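Visitor: Hi! Could you walk me through this one, a bit at a time?
Guide: Happy to. Let's put it on the screen and go from there.

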Amino acid sequence: MKTVLDFLKNLGLARLIILGFFVFLCAAAILLRLNLAELLTSSLARIGMWGVLVLAMLPAIVSGIGPNFGVSLGILCGLVGGLTSLEMAYRLEGVVELGGGALFFIAILVSMPFAVMTGIGYGWLLNRVKGSEMMIATYVGFSVVSIMKLAWLFLPYSSPEMAWPIGRGVRVQISLANRGITRILNDFLSFRIGDVVVPTGLLLFVALCCFLMWLFLRSKTGTAMYAAGDNPRFAEAAGVNVNRQRIVGTILSTVLGAVGILVYAQSYGFMQLYEGPMFMPFVAVAAVLIGGASVKRATITHVVVGTILFLGIQVVAIPVANAFTADWSSMGEISRKIIQNGVILYALTQAGGD
Amino acid sequence: MAPESVLKMTNIGKSYYGTTVLKGIDLEIKPGEIHGIVGENGAGKSTLMNILFGMSVIHSTGGFEGSIEVAGESVQIQSPEEAMALGIGMVHQEFMLLPNFTLTENIKLNREVLKPNPVSRIFGENLKSLDFDVMNKDARKALDRLHIDIEEYASVAGLPVGHMQFTEIARELDKTNLKVLVFDEPTAVLTESEADHLLQAMKEIAADGIAILFITHRLDEIITVCDNITVLRDGALVGHRTKAETDVYELAELMVGSRMAELAQSTRDLSEKKPVLELRNLNVRMPGERVRGVNLDVREGEILGIGGLAGQGKIGIANGIMGLFPSEGDVRLAGEQLPLNSPKESMARGLAYVSEDRRGVGLLLDSSIELNIVFSAAQNQNQFVRRWGPFSQLDSDTIRQHALKYIKDLDIRCTGPTQMVRRLSGGNQQKVCIARALTMNPHVLLVSEPTRGIDVGAKRIVLDTLRKLNEELGMTIVMTSSELGELRSICDRIAIVTDGKVAGILKPDDSDVNFGLLMSGQKAEKGA
Amino acid sequence: MKPDTLGAATAKTANAAERKAFLVKHMVTIMFIALSLAGYILAGMTPFLFLMDIVARVSRNAFLVLSLIIPVMAGMGLNFSIVLGAMAGQAVLIFVTHWGVNGLPGILLCLVLVTPLAMFLGYLTGKLFNKTKGQEMIAGLILAFFAQGIYELIFLQFVGGIIPMNNTTLVMSSGIGIRTTVDLTGGLKYGMDWPGQLWGNDTLLRPTLPWAFLSVIAAIVVGYLLYVFVFKGKRPSPPPLIASALALGYASWWSIVQIQESTQINWIRVPFLTWIVIAALCAFILFFSKTKLGQDMRAVGQDRHVAAVAGIKVNRVRIIAIMMSMVMAGWGHIIFLQNMGAFSTYGSHEQIGLYSVAALLIGGATVSKATIGQALLGVLLFHTLFIVSPAAGRQVFGDAQVGEYFRVFVAYGVIGVTLAMHAWKTLLQNRARQEL
């Protein structure tokens with residue numbers, strides 16, 4: 001009994017409410033006789049879609065910079081990689097025919113150097129603003145997203161699916177369907193159980209990323225990074241260069257952000273530029289916090305649980321609310337806002353003041 | 001009529017969670033008296049002051065025993081505000097000043113002189129205007145009493161430290177009902193001439209009829225200004241003395257006292273041994289524990305103790321050698337120059353360190369015992385690491401075996417090597433720290449405050465372990481500790497650090513007077 | 001070298017150093033003055049269009065930006081949670097519009113009603129900030145997003161259902177939720193800017209720009225002379241007096257010419273009541289900083305620990321600071337919207353925090369210091385940039401979009417840079433203090 005109480009206490013009020021809400025939604029979905037197979041299918045896809053982006057929070061929290069509100073930097077690197085890979089396909093038309101899978105990996109490869117360089121610079125900055133990382137990260141993210149809005153107007157991408165037929169710059173939303181990148185991971189080894197479609201490739205890819213992260217955390221550098229985040233004074237005394245480990249964490253987070261947005265885009269079928277990446281970090285931050293992480297501690301379990309819970313709620317909430325009453329059409333989006341920001345606020349109060 | 005006592009504390013006692021830290025303290029002060037309080041760290045001075053000021057740390061832990069009378073009336077002081085209202089003031093050791101406020105604003109902080117205005121008539125007291133003319137005049141008066149000639153409208157930022165101290169005192173003097181003023185180590189941060197100025201000011205304040213409680217470790221200052229002196233040791237009252245009947249030597253002896261060592265004292269003669277660690281003019285900028293030019297030799301195979309009062313710099317020495325705080329100077333290990341300011345270098349050359357801040361620096365509290373034990377060795381010596389090119393993994397099997405060995409050797413009481421360190425008792429946590437240091441196979445082991453905050457039985461085991469390491473493995477140990485008795489029980493020599501320098505090196509069986517004098521910054525009676 | 005030349009040399013270098021320090025300190029403001037000027041020249045706007053726009057923008061935004069000053073004073077940084085105050089103001093506007101109270105009386109009713117609501121929200125926000133000390137800004141930002149959810153819940157889902165409201169112009173055709181835009185035309189629009197509107201009076205407290213300018217100048221001159229001669233009882237030194245007399249003379253001459261020739265500029269109407277309200281707020285902030293509570297806030301802002309030891313109720317003072325800011329933000333947003341005349345129900349408050357904070361910082365304020373002058377200068381510069389950048393973008397790149405994206409980037413960028421500079425400086429200071 002006592003352990004059950006301890007467990008609930010560890011979970012915290014905010015998470016209990018969210019868990020309760022999820023259970024309620026699921027029960028409602030069953031009682032209202034909604035199409036469960038459809039719900040499960042889209043839940044699986046949504047969870048896989050966000051998996052890597054949520055995983056990007058892990059190295060940031062573990063290395064001590066806290067939840068990466070600036071993962072939009074990584075997302076932008078991924079988008080640049082994606083656009084470049086589409087442009088390559090266009091320019092090389094008639095020379096080499098690049099398939100969807102090849103383009104997807106080219107996109108990842110191209111985004112990698114950008115993400116690493118960005119991560120180094122961003123980590124350098126975060127080392128200079130210790131104690132205010134979250135706020136700075138948020139505004140660095142906002143600033144860079146808004147300067148990239150200018151950049152999208154000027155970057156020399158000419159492929160017809162990207163450029164506006166008239167006017168300046170690339171489109172707001174770029175379809176990946178023509179190049180066969182859409183659902184390239186989702187459909188890999190995909191199978192059906194009844195009416196439920198399992199996006200095997202997508203889930204395997206997320207699992208692979210988690211496994212690699214798990215291996216990394218057991219390496220020499222991984223343990224050093226963990227110590228730098230958990231207790232910087234201990235790490236310093238044990239001969240670990242704390243600032244360097246924080247940069248390592250930032251680089252990993254940025255790289256995962258880049259890979260994450262490409263995984264997201266292939267499942268969604270589009271790349272969203274301009275405002276697109278602005279508020280994505282908040283979803284990822286909220287997901288890992290809902291999974292049980294704090295701004296100082298996170299594990300792979302937190303990532304997995306949080307992604308399932310938060311994105312599960314998002315998928316189930318809308319049809320349930322609609323089934324109640326057609327007037328409540330915005331309930332899904334509203335509940336996302338309240339849960340997402342409520343859980344971040346809760347985590348901030350738990351971290352305590354200085 | 002002889003003046004009544006203005007403050008009388010009778011039979012004061014206090015215990016925290018069953019541990020008695022203060023018992024049977026009596027203290028009586030008359031108006032205009034300067035009363036010195038002397039004692040080592042942990043003697044109970046600060047607990048006594050916390051009781052006097054009604055600090056919440058006292059009341060939240062079950063209050064205290066005994067009674068307090070102010071000006072003849074029995075009082076129950078529940079909060080610092082109440083103490084203030086009764087006319088008890090305190091000049092803090094750390095400055096309670098706001099740098100961007102003027103002297104006036106600081107002196108009048110939260111006691112501003114107010115005048116009403118139309119808005120305040122509607123919205124109340126809080127919106128009354130500040131009356132700067134009156135405030136400035138009051139501040140000027142208080143500063144004049146201390147002979148400070150800085151403008152009261154200057155801002156505090158950038159003032160020399162001494163003037164900040166006087167601003168603090170002026171704030172207390174400005175309180176009209178001030179009866180008792182407590183000075184807590186006020187001269188620690190001052191230059192010599194500033195300190196003289198302060199002592200002079202204290203005499204003048206006392207001459208106005210205010211009683212002063214003067215807490216310091218500088219015995220010569222006590223003898224210079226105090227009328228009466230109270231000596232505390234280990235939470236008990238050792239004695240009251242008047243200025244006439246005592247001297248520095250007696251105070252020093254009373255302060256240290258004879259506590260016979262629990263373990264047999266070392267009688268080895270290691271004076272023939274080569275020095276293995278040589279410190280020349282070592283300076284360490286460790287906040288609160290600054291080291292200012294230490295020269296010290298550690299001989300091969302000995303246990304060297306470093307003692308002294310808190311804040312004097314003894315803790316800084318080991319921290320500086322290990323590169324944890326910015327240091328300068330010349331450190332040689334086995335004849336070779338040691339690059340400073342790099343923990344990695346210090347460890348690579350065969351030093352290992354058990355920190356005084358066990359929970360802050362010594363441990364990853366939320367990690368397993370085994371990770372804590374092997375962490376430094378893995379990071380610095382690639383022990384327990386399997387590598388494949390740029391990739392590596394910690395070798396969990398050997399880590400497990402190694403941890404189990406140390407759990408057995410050091411008798412770490414735990415549920416297993418994967419238990420979280422946070423759940424262990426203080427003594428067992430300390431053993432984990434020692435195990436990590438030993439895993440590095442160090443040439444010289446630096447240990448700071450190894451028994452702080454752990455129970456008596458565990459203390460014994462820790463000290464026995466250190467001695468065994470020294471005797472059986474010939475490991476050189478430098479042990480820093482606030483507990484003199486502990487140092488005297490296992491060390492071959494004890495260096496006493498005062499004002500950031502080595503005041504002298506004593507044998508464990510030297511007299512109490514010598515220890516007391518060195519710790520108070522006096523010269524020892526005779527060479528050790 | 002002779003001693004006196006040596007002295008002159010050091011004085012010279014000291015002067016140069018001072019000048020450099022001045023430039024570094026005011027770098028942000030100087031940069032934005034240059035940027036605004038360049039934008040103005042590139043945009044090629046007529047002074048008439050520019051002045052009309054800037055008068056309207058500054059008058060409607062100044063109050064909101066001023067609402068940020070008090071939390072800065074109390075050491076709580078830039079109060080991104082004023083968005084909640086704006087929501088409260090908007091909520092009240094919706095209901096007063098629904099009840100059909102129009103014009104100045106309607107605005108006054110709004111101001112009265114929003115006060116307790118904003119105080120309540122401020123109290124809760126203050127409580128939250130006391131639990132997240134040192135992270136108030138990120139907490140305020142997230143709180144604004146959170147409150148956005150609650151606001152949508154109430155006005156999109158509850159109004160018309162749980163909260164009954166029968167009003168076909170305000171409520172969506174389905175009967176649930178407020179429409180996405182609320183039009184104040186014929187109701188609360190210009191309620192404060194044009195106080196005579198309801199009674200058909202066109203000129204009451206609504207002079208043209210040159211007249212307003214002239215009267216402000218007169219007020220400044222009279223006020224200054226009164227201050228010097230009556231309160232201080234001394235003669236001011238001649239050079240500044242002559243210089244200011246010349247400047248004022250030129251300005252009044254300019255005004256008089258505009259009035260005489262009845263130029264376009266003399267068609268621009270100034271919301272004088274709004275100006276008076278803004279001036280009153282400035283005066284209140286000045287007065288407040290010299291009161292007991294203001295002094296407590298400044299103390300808490302410098303060092304919570306020292307203030308607490310001196311017996312100041314730190315948490316209480318912080319909550320009051322946020323409550324005051326929140327009420328001012330509520331009023332400020334009402335002033336803002338009555339000038340706009342229509343608002344997007346679910347969006348118009350969202351950017352309030354961002355733009356107000358950016359304006360304040362452009363004026364030269366930092367996380368730990370903000371003055372009225374900085375707030376007003378900041379509003380002026382920020383909105384100049386806002387007006388000119390799309391036009392400049394069109395002139396230079398043939399695309400107004402460029403300028404629009406640029407000004408948004410400027411808002412985010414200036415906040416990001418100021419925050420980072422402040423955090424870095426604090427870190428260095430802490431390190432230096434430790435090594436003392």
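**Chains and sheets**

Guide: Between chain C and chain A the count is one salt bridge, meaning a side-chain nitrogen of Lys or Arg within 4 Å of a carboxyl oxygen of Asp or Glu. This is a predicted model, where local features need pLDDT of at least 70 and side-chain atom pairs count only at pLDDT 80 or more, while totals for chains, interfaces and linings use all residues. Residues are numbered from 1 along each chain as its sequence is written, chains are lettered from A and ligands numbered from 1 in the order in which they are written, and side-chain values use heavy atoms, with hydrogens and water left out.

Visitor: Which side chains meet in the salt bridge with Glu152(C)?
Guide: The partner of Glu152(C) is Lys337(A), at 2.7 Å from N to O.

Visitor: And how many residues of chain C are in contact with chain A?
Guide: On the chain C side there are 44, and they touch 43 residues of chain A. Contact here means heavy atoms within 4.5 Å.

Visitor: What area do chain C and chain A bury between them?
Guide: About 3900 Å², with 74% of it on carbon and sulfur atoms. Buried area is the accessible area (1.4 Å probe) that two parts lose on being put together, summed over both. Gln157(C), Tyr405(C) and Tyr412(C) supply 17% of what chain C buries against chain A, more than any other three residues.

Visitor: Any polar contacts there?
Guide: Four residue pairs between chain C and chain A are in polar contact, both residues at pLDDT 80 or more. A polar contact is a pair of N or O atoms within 3.5 Å; within protein, one must be able to donate a hydrogen and the other to accept it, and residues adjacent in sequence count only if both atoms are side-chain atoms.

Visitor: Which helix gives the most to the side of chain C that touches chain A?
Guide: H7(C), with 16 residues. Helices (H or I, at least four residues) and strands (E, at least two) are DSSP runs, numbered from the N terminus. By class, that side of chain C has 29 nonpolar, 10 polar and five charged residues. Ala, Val, Leu, Ile, Met, Phe, Trp, Tyr, Cys and Pro count as nonpolar, Asp, Glu, Lys and Arg as charged, and the others, Gly among them, as polar.

Visitor: OK, switching: what about chain A and chain B?
Guide: There, 18 residues of chain A are in contact with 29 residues of chain B. The buried area is about 1900 Å², and carbon and sulfur atoms give 54% of it. Arg218(A), Lys220(A) and Phe234(A) supply 36% of the area chain A buries against chain B, more than any other three residues.

Visitor: How many salt bridges across that interface?
Guide: The rule finds one. Asp357(B) and Arg233(A) meet in a salt bridge through their side chains, at 3.0 Å from N to O. The interface of chain A and chain B also has 12 residue pairs in polar contact, both at pLDDT 80 or more. H9(A) gives the most to the chain A side, with six residues.

Visitor: Now the sheets in chain B. What order do the strands of the six-stranded one have?
Guide: The order is S18-S21-S22-S15-S23-S24 in chain B, an open sheet with mixed pairing. Two strands pair if DSSP finds at least two bridges between them.

Visitor: Why is one side of S18 and of S24 left without a neighbour?
Guide: Strands S18 (351–354) and S24 (501–506) of chain B stand at the edges with a single partner strand each, so one side of each has no neighbour in the sheet. S24(B) pairs with strand S23 (residues 493–498) of chain B in the antiparallel sense over five bridges. Within that pair, Ile496(B) has Gly504(B) as its bridge partner in S24(B).

Visitor: And the four-stranded sheet?
Guide: That open sheet of chain B runs S14-S13-S16-S17, and its pairing is antiparallel. Its edge strands are S14 (291–299) and S17 (336–337) of chain B, each pairing on one side only.

Visitor: One last spot: what do S1(B) and S2(B) form?
Guide: A hairpin, with two residues between the strands; Tyr17(B) in the turn has a positive phi of about 45°. Seven bridges join S1(B) to S2(B), and the two run antiparallel. Lys14(B), for instance, stands opposite Leu22(B) in S2(B).
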